[in-house]
Amino acid sequence: MVHDGNFIIKVRCNICGSVHKFRNPVEPRKARKPRGKKEAEALATSAIIWEAGLAGAKGKERDYNMAAKYRVGDIVNHHLFGKGIVMKLYANKCDMLFKDRERLMASANEYKRA
Ligand SMILES: [Zn+2]
């Protein structure tokens with residue numbers, strides 16, 4: 001099979017520390033379509049929670065960086081996932097709600113007993 005220049009490279013990201021697949025950046029990114037009704041409903045639900053969370057979030061807004069500490073209610077701008085809200089803190093990670101779903105993200109937070 002001949003490669004048509006539609007190459008994919010894996011790069012460790014220096015912003016979030018995870019490995020991303022980078023497609024040829026010239027090619028427009030296709031949005032993934034929900035597979036079924038259930039998945040479409042789940043997406044719609046998380047988008048509603050996400051929007052309400054953004055509207056109610058009182059934390060400061062900044063770009064996501066795995067070396068930063070976060071507080072519940074902070075708003076982060078992730079270079080791949082977009083805007084997220086910090087929902088829960090753990091040792092060295094936190095749950096962030098993005099428009100499509102919640103993700104466990106690396107952070108510099110220390111573990112604190114609730
Ligand atoms: Zn990244």
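This short talk walks through one sheet, the helix that lies across it, and a single residue, Asp 95, in a predicted model.

Let me begin with the sheet, which is open and has five strands in the order β3-β4-β5-β6-β7, the pairing between them being mixed. At its edges stand β3, residues 61-63, and β7, residues 102-106, each of which pairs on one side only. From one strand to the next the twist averages 40°. As general background, the strands of a sheet pair through backbone hydrogen bonds, and they do so either parallel or antiparallel.

If we now look inside the sheet, β4, which covers residues 75-78, and β5, which covers residues 82-90, pair in the antiparallel sense over four bridges. To fix that pairing by eye, you can look for Asn 77, which stands opposite Lys 83 in β5.

Next comes the helix, α1, made of residues 37-56, which lies across β4, β5 and β6, and which runs at about 110° to β6, the strand of residues 93-98.

That strand, β6, is also the place of Asp 95, and I would like to spend the rest of the time there. Is Asp 95 buried, exposed or partly exposed? Asp 95 counts as partly exposed, because 16 other C-beta atoms lie within 10 Å, and a residue would need 20 or more to be called buried, or 12 or fewer to be called exposed.

As for its surroundings, once neighbours within four places in sequence are left aside, Asp 95 is in contact with Met 87, Lys 88, Glu 102 and Leu 104. Finally, Ala 106 is eleven residues from Asp 95 in sequence, while in space their C-alpha atoms are 8.9 Å apart.

Note on methods:
Residues numbered from 1 in each chain as written. Predicted model: local features only at pLDDT ≥ 70, side-chain atom pairs only at ≥ 80, totals over all residues. Pairing = 2+ DSSP bridges. Helix = DSSP H or I, 4+ residues; strand = E, 2+ residues; numbered from the N terminus. Axes fitted to C-alpha atoms, helices over the stretch in contact; angles between N-to-C directions. Contact = placed C-beta atoms within 7 Å.
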